[in-house]
Structures are given as C-alpha cells and as structure tokens.
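Please open the model in your viewer and keep the sequence panel beside it, since the tour moves from one selection to the next. At each stop, make the selection first and then read what is there.

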Amino acid sequence: MGTHHRSELPHQRSGGPVHGSRRPDTASAADPDGVSRRRFLGYVVAASTLTVAAPLGEAVLAPAEAAAAVPSLPGPAEIYDLNDMLTHAALPTANLITIRLDSDGTASFALPRAEVGQGITTSSAMLVAEELDLPLEKIHVTLADARPELLFNQLTGGSNTTISTYTPIRVAAAVARGRLLKAAALELGEAVGILRAKAGVITSTVTGKSVGYGELAEKAASMATGQVAVTLKEPADFKVIGTARRRIDALEAVTGRKKFAMDVQVPDALPTMVCRPPTINGTVRSVRNLDAVRAMPGITDVVRVPTGVAVRGRTFGQCIDAVRALQVDWGPGTAEDASDDSIRAKLRKAELPLPGLDLLTKSVDARFTFHFASNSALETNCAVADVTEDSAEIWASLKAPIVAQEEIALRLGLPVGAVKVHVTEGGGSFGRKLFHDAAGEAAEVSRAIGKPVKLMWHRTDDFRQGRTHPMSTSRVRATYALGQVLAYDQRHTSVATDFGHGVGEIITAEASRLPVGDLTFSETIFTLTQQTPYHFGVVTQLLSETDKGFNTGSMRNIYSPNVRCAQELVVDELAKRMGKDPYRFRRSFLKDERARAVLDKVAEAGEWGRAMPAGTAQGIALHPEYHAYVAVLAEIDCRPQTTGREIPDAYTGPRVTKVVCAVDVGLAVNPRGLQAQMMGGIMDGIAITLSSGLHLAGGHFLEGSWDNYFYTRQWNTPPELEIIVMPPTTDTPGGAGELAVAGAMAAVACAYGRATGTMPTAFPLNHDEPLGFEPLPTTPPIPASPTDGLSRAF
C-alpha cells in the first residue's frame with residue numbers, strides 16, 4: 001500500500017503562534033500577579049525509594065511566595081466540551097497517581113487508563129522521560145488495578161487520556177528530578193545550581209563528578225508526604241515530547257509476547273463459554289439435556305447464568321461442542337421480531353420537529369439513516385475470574401474498571417474491598433471495553449461453579465449479543481438567502497445509547513440508568529460533543545432517543561460520525577445550490593483559523609479540483625472535536641470495474657483510492673502515534689460509509705463474524721494515503737483517539753455524492769443490497785467447526 005506520512009514539524013521546539021486556543025500561549029510569561037504559568041505544586045510521597053505525585057494543571061498552580069492560585073472557572077458553554085468535563089472531574093484525585101524511581105535507575109508508572117492499542121503507554125512514558133531526563137527505555141508503564149479512590153480519574157474515553165494526564169505526569173516527573181538533584185548535591189558535595197541531569201545521570205559542570213539515578217533512589221526518598229513547587233520545561237527545551245517515537249510495546253506485539261486477558265495464568269482457570277439466546281437478550285426457560293452435556297468429553301461444569309448457559313471444559317473446542325449440543329428452551333428477548341424497517345419507523349415517530357420555513361428564504365432539507373454497526377474489537381470479550389465465598393479476583397481489559405469493581409461487588413454481595421480487578425492490555429476497544437460484560441459474566445460463572453474460569457465470548461456472540469452503535473436518523477434543514485446561511489437545524493434521533501459506565505464510577509453509572517436519567521445523560525453527552533465549525537447563523541442541534549431494547553455503546557466518536565456526515569453532505573448541497581466550490585464555500589464560513597489551516601493543507605496536498613474521470617470524484621470535510629481539528633480529502637472510484645487491483649469478484653461497489661488527512665491537535669506528544677491514530681480512524685470512516693453495517697431481522701443481527709461484516713479490507717484501503725501532522729498551535733495536546741472517524745466518513749460520503757451526482761442518505765451505502773453471505777443459524781448460534789471464529793487475544 002502506497003501509504004505516506006508527513007509530519008510538518010521542522011521546528012517542533014519553536015512553539016509558534018496560537019490560533020483558536022482556549023487560552024493564550026504562556027510558555028515563557030507570567031500572569032499579572034507574577035505567578036509562572038509553568039510553576040506547579042507536586043508531592044513527595046513517603047516511601048522507601050523516591051516516589052512522587054502531582055495534582056492536575058492550573059487549578060493547583062504553585063503560588064509565588066505568599067500569593068494564592070485560584071482555579072479557573074469553566075469557559076462558556078460553547079467551548080466547554082466533554083473532554084473538559086472529564087479533565088475537570090479528574091482534578092481532585094490526580095495527586096493519587098504516582099511515579100516511583102527504583103534502585104536500578106528505572107522509573108515505574110501505573111497508568112490509570114486502559115491501553116487498547118491506541119499507544120497511550122508510549123506517550124505517557126514520553127512525558128515521564130521528558131521531565132525526568134531519563135531514557136525512554138528506562139520508563140516502565142503498567143496499567144493500574146481498579147482504584148475506587150480515583151473516582152472519575154480511571155475512565156478511558158472521550159480522547160481524554162493525554163489531555164488530562166499531560167500536566168500531572170510531567171509535574172510528578174519534575175518533582176522526582178528536583179529531588180534527585182538535591183540528593184546528588186549532598187552526595188557529591190556540589191551546589192545544585194552547577195548540576196545537570198541527562199539520561200539518568202547527574203553530573204557536575206565544574207568538577208565532572210557524576211552519580212546515577214539508581215544510586216540516589218533511596219537517598220532522595222522522603223519519610224513524610226509533602227508539597228513541592230516545581231517549574232516545568234519550556235516547549236523550546238523539549239527533547240522527547242513532540243518527537244516521533246515507535247511504540248514501547250512494539251517488539252512484544254510483533255513477537256507474540258504481549259500479554260492479554262487470555263494470556264493470564266491463574267491456577268485451575270479453565271476455558272469457559274456461554275450458550276446464548278437466538279434473539280437479543282433472550283432468557284433461559286429450561287435446559288432439556290443438562291446431564292448429557294455435563295458428561296461430554298472434557299466438560300467439567302454446566303450452569304445456568306443470567307445471560308445463558310455456561311460450560312467449562314479442558315479446551316475451548318470442547319466448550320464449543322458442548323454449547324452446540326445444549327438443547328435450551330429460550331424466552332423472548334428485548335427486541336423480539338424487530339427489524340431494520342420497524343426500528344426505522346420508530347425513529348421517524350420519535351423525531352423532534354424542525355422550525356418552520358420563512359417564505360423569503362430557501363432551504364436544503366434532508367433526512368439521513370445510519371444503520372446499526374458492530375462495536376466488536378479484534379479481541380473478543382474475555383475475562384478471567386476467581387470467585388470464592390468472601391473474595392473475587394478479576395482480570396480483563398476494562399476502560400471503566402472502578403464501575404466494574406463496584407458493580408461486580410454489588411452483584412456478588414461482597415464488599416468492594418474484597419473484589420480485586422486487574423486491568424490487562426486489550427486488543428482493541430473502540431468504546432466496547434467501557435462495558436464490563438465479560439468480566440461480570442465471568443464472575444457470576446465462577447461463583448456459580450465455585451471454580452476459576454477463563455471466559456471467552458465466541459466471535460458470533462460478539463456480533464449478535466454484543467454492543468452495537470445504535471441505528472439513527474438525522475433530519476437537517478439549512479436555510480439560506482443572498483449568499484448567506486441563515487440557520488442550521490439538525491434533529492438527530494437514535495436508538496438509545498447505553499451510558500451505563502457513567503463517567504467512571506458507580507454513582508453516575510447508576511444515575512444514567514434511571515427512567516429519566518438515561519435521557520438526561522445522553523442529552524448532556526450530545527450537547528458536550530456536537531458542534532458546527534461554520535458561521536451558519538442560528539444553529540440548533542438536538543437529540544431524541546428511543547427504544548432501549550438493544551445492547552448499545554459509545555462506539556468510537558459516539559454521535560459525531562453520523563451527525564458530522566449529515567452536516568457535511570448538506571454543506572456540499574448548499575455549495576452546489578449557491579454555485580460555489582465545496583472547499584472554498586467551507587473556507588469562507590469557517591469560524592476558526594486552525595480549522596482553516598487544516599482545510600487549506602489537505603486542499604493543497606490533495607490537489608483539490610484536479611480533473612478526474614467520470615464516475616470518480618473528490619470529497620472534502622472538516623471535523624473539530626476535543627480541542628483538535630482534522631480535515632480529510634478523499635477520492636473515490638464509483639465505476640463498476642477497476643484494473644490493477646486485486647478485489648473480490650463479487651464486489652462492484654465504490655472504492656476509496658486516495659486520502660489526504662491534516663490534523664492539528666495543538667501539541668502532538670508523539671507524531672508517529674498520532675499518524676497511526678489517524679490511519680485507524682480513516683479506515684473506520686471508510687467502513688461505516690461504504691460497507692460495514694448490521695442487518696436486523698427477527699430480533700437478531702444476521703452478521704455472525706468478520707467474514708460477513710464488511711469492514712475495510714485491503715482491497716478497499718486507499719493505495720494513496722497521506723497524513724500530515726500540523727506544527728504546534730498550542731502548548732498543550734488535544735484529543736486524537738476518535739478525531740479522524742467523523743472527518744473520514746464525511747469526506748468519503750461527499751466524494752460519493754459528487755461522483756454519482758446524488759447525495760447519499762443511507763449508510764452504509766451497501767446496506768440495502770443483497771447480503772452477499774449466508775447468515776449463520778441462530779440455533780445453535782456458533783459455527784460447527786471447533787476452531788471456526790475463535791481468536792486469540794490479539
């Protein structure tokens with residue numbers, strides 16, 4: 001694949017002007033009261049070796065002498081987003097996150113977030129390495145167990161990890177560096193001012209004497225916990241932050257040594273699977289052949305659980321045989337007899353009305369339909385559990401481990417302190433691992449049989465009973481006159497999104513499930529994530545939700561891909577009716593210079609407007625979110641035949657042939673990791689636009705695995721792919737994990753509309769075409785082959 005990455009960072013340490021940032025660049029300035037904007041309070045923690053911690057950000061600025069720092073109030077509602085909310089929620093407990101320096105000269109940091117392939121262990125290690133002046137290979141980042149005292153500070157979501165941990169990790173590392181310098185001064189008999197730290201060694205610039213960090217680890221330790229003021233490095237002095245680094249776990253990943261949940265070795269934890277109902281959330285009425293299945297080769301236990309019938313055996317193959325052999329009478333599910341058509345009709349009835357149309361204006365009116373999409377990751381749902389009468393221990397990849405711990409404890413009737421939840425690395429998530437379905441189920445199975453279990457969902461379970469991105473419609477009306485857009489109104493209607501994970505702890509998790517609490521929670525998330533980057537007069541974007549019978553989740557970007565795709569298609573139509581070029585039309589209405597810069601960059605790099613054959617076209621789109629901006633230019637080929645590419649004989653649909661992406665996240669901690677994030681988001685955007693969706697019929701989804709869920713394949717991956725990281729525009733990072741999905745979806749949809757001359761209104765585009773596969777039977781719900789559909793944890 002002709003993939004090309006470009007990072008426009010020739011002067012990565014030069015800072016540069018700030019356009020549209022939430023606060024001015026104060027890299028070298030003090031505020032009017034004389035408080036350095038880079039001076040912070042951290043903690044030295046009582047421990048046998050040097051251990052440090054730090055609270056978060058400007059709310060705990062270190063005062064100049066006797067002056068007191070006052071936390072900033074939240075900004076106006078239009079610039080206070082979900083990411084801000086998550087960051088501020090983490091403030092009170094940031095000082096509970098620590099860095100420890102060991103006698104071997106290495107630093108250890110337990111990251112209170114989930115690594116599911118997005119590379120946050122690498123970027124976090126880079127932050128420590130920068131302020132501690134320690135080589136990256138000497139930073140050990142692990143994943144923290146569930147810690148209820150962290151409250152909202154252990155949720156991985158909303159592209160928030162780097163934003164919310166950027167300052168506390170650096171402050172903690174700076175505190176450690178300061179303590180080491182003071183210990184070295186005593187050890188060497190030198191003044192602190194003439195000592196320099198580099199690569200884990202402190203050296204006197206006068207005498208040349210030196211001492212390693214490891215030798216100082218115990219001497220720098222403290223007998224009591226106390227506050228310490230530190231000053232962070234200026235961006236101009238960065239040597240690690242902002243440089244392209246490969247992932248610290250890359251070698252383990254490619255050599256198969258990376259450890260996932262199914263790699264955890266717990267004595268007597270045997271393979272376990274669950275026979276699940278044929279329709280969504282069906283229930284067990286009775287099992288006709290329980291004893292016969294218990295007597296099957298290798299099977300040790302068969303028990304009923306709330307989600308089905310669990311079988312435990314010596315191998316997963318034996319478990320599959322047992323699941324297939326079970327004869328279960330099932331009760332109805334929560335979406336019995338539901339179909340795509342019946343859900344679409346419900347959504348239409350639940351749509352909120354649009355405002356009336358003025359007779360003196362014209363309008364673009366459109367309604368878009370977005371079908372269910374699978375929230376499955378490469379790693380199926382899995383967990384290891386060992387439950388006894390008075391304790392429980394769980395191992396799983398969890399993005400909300402505190403909720404998992406607290407709800408599992410409640411379910412088992414145990415004190416929270418008696419339940420240990422270990423967070424393992426995950427083979428993908430895309431929002432799926434915000435829910436602890438497998439961990440909770442494994443705990444219940446282990447309790448029921450009184451033995452440890454290594455539970456794994458079959459791939460078909462994941463597609464048919466797992467989490468989905470909810471089906472939705474978006475009704476849009478844009479009114480215009482005299483070359484101006486006067487109003488933009490969007491009414492997004494969705495099958496209810498489950499926010500049962502809350503914002504990381506049980507109170508908000510339970511509140512989101514209340515009869516009115518769930519809608520309030522959804523409305524809040526929608527309001528804090530949806531925006532328009534254009535000056536379109538009076539703008540309203542409202543959400544309505546209906547039907548709670550499905551297992552849904554916050555699949556990558558939550559509402560944004562569908563909402564943004566609808567908006568950008570309407571923008572193209574507005575440009576067409578006003579006789580304007582789509583790129584220049586967007587540019588003339590943009591609110592922000594940072595948005596204009598990424599749009600200009602992709603137009604230039606992608607040669608916007610170049611002559612193209614009939615049946616092919618370019619599309620361009622923009623997406624702002626979480627203090628960041630992305631612009632995507634996509635080229636599509638909608639002709640039925642293509643030469644020079646190996647594609648399935650049966651496939652005659654559109655193919656994306658080129659993508660150019662420009663991304664501005666303020667400050668990119670690891671540009672290489674950012675490029676990888678953009679690449680993944682682009683592939684997601686292509687998939688949900690063109691080919692990957694679920695078909696609902698008879699109360700269940702027809703798709704049963706990746707072979708008939710048409711995610712972006714190699715033959716539909718653009719042979720030309722360029723990702724441009726913009727120079728720093730702020731001195732802090734923005735969110736990146738979900739950013740490219742909405743931009744790519746919208747750009748591909750707009751390209752399709754221009755290539756065919758018809759604005760697409762239903763996604764994915766192939767949804768109403770013949771299936772192209774034979775659906776697996778619902779009973780038994782998994783393939784006959786003992787290994788078909790199984791996957792290892794990556």
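**Starting at a hairpin**

Begin by selecting strands S4 and S5 (residues 107-111), which run antiparallel and are joined by three bridges. Bear in mind throughout that this is a predicted model. Within this pair, Ile99 has Phe109 of S5 as its bridge partner. Five residues lie between the two strands of the hairpin, and in this hairpin Gly105 takes a positive phi near 85°.

Now show the side chains of S4 alone (residues 98-101), where they alternate along the strand. Which of them are buried? Ile99 and Leu101, which point to one face, are buried, whereas Thr98 and Arg100 point to the other face and are not.

**Widening to the sheet**

Add strand S3 (residues 51-53), which is joined to S4 by three bridges and runs antiparallel to S4. Here Val52 stands opposite Ile99, and Ala53 has Thr98 of S4 as its bridge partner.

Next, select the whole sheet to which these strands belong: an open sheet of six strands with mixed pairing, in the order S6-S5-S4-S3-S2-S10. Its edge strands, each pairing on one side only, are S6 (139-143) and S10 (226-231). If you look across the sheet from strand to strand, neighbours are turned by 30° against each other on average, with direction ignored.

**A helix across the sheet**

Select helix H3 (residues 161-188), which packs on a sheet that you will reach shortly. On the six-strand sheet, H3 lies across S2 (39-45), S3, S4, S5 and S10, and runs at about 65° to S2.

Keep H3 displayed and add helix H2 (residues 120-132), which packs with H3 at an angle of about 35°, the axes being 7 Å apart. The crossing of H2 and H3 is right-handed. To see what fills the contact, show side chains including Leu127, Val128 and Leu132 of H2, and Tyr166, Ile169 and Leu180 of H3. By class, this contact of H2 with H3 has 10 nonpolar, five polar and three charged residues; Glu131 of H2 and Arg170 and Arg177 of H3 are among those taking part.

**The three-strand sheet**

Move to the open sheet with the order S7-S8-S9, in which the pairing is antiparallel. Strands S7 (195-198) and S9 (210-212) are its edges, each pairing on one side only, and neighbouring strands are turned by 20° against each other on average, direction ignored. Select S8 (residues 201-204) together with S9 to find an antiparallel pairing over three bridges, with Thr203 opposite Ser210 in S9. H3 packs on this sheet too, touching S7, S8 and S9, and its direction makes about 130° with that of S7.

**The nonpolar cores**

Which residues touch the most other members of the largest nonpolar core? Select Phe550 and Leu574, which hold that place among its 61 residues. The largest share of this core, seven residues, comes from helix H14 (residues 560-577). Centre the view on Leu574 and, leaving aside neighbours within four places in sequence, you will find Leu574 in contact with Val364, Ala478, Tyr480, Val485, Phe536 and Phe585. A second, separate core of 53 residues includes Leu50, Ala173, Ala220 and Val230; Ala173 is also one of the H3 residues in the contact with H2.

**The whole chain**

Finally, zoom out to the full chain, which has 18 helices and 32 strands. Of its 794 residues, 61% count as buried.

Methods: Residues are numbered from 1 along each chain as its sequence is written. This is a predicted model: local features need pLDDT of at least 70, side-chain atom pairs count only at pLDDT 80 or more; totals for chains, interfaces and linings use all residues. Side-chain values use heavy atoms; hydrogens and water are left out. A nonpolar core is a set of buried Ala, Val, Leu, Ile, Met, Phe, Trp, Tyr and Cys residues joined through side-chain atoms within 4.5 Å. Buried means under 20% relative accessible area, exposed over 50%, partly exposed in between (1.4 Å probe, protein chains only). Helices (H or I, at least four residues) and strands (E, at least two) are DSSP runs, numbered from the N terminus. Contact means heavy atoms within 4.5 Å. Two strands pair if DSSP finds at least two bridges between them. Axes are lines fitted to C-alpha atoms, for helices over the stretch in contact, and angles run from 0 to 180 degrees between N-to-C directions. A crossing is left-handed if the near helix is turned anticlockwise from the far one by less than a right angle, and right-handed if clockwise. Ala, Val, Leu, Ile, Met, Phe, Trp, Tyr, Cys and Pro count as nonpolar, Asp, Glu, Lys and Arg as charged, and the others, Gly among them, as polar.
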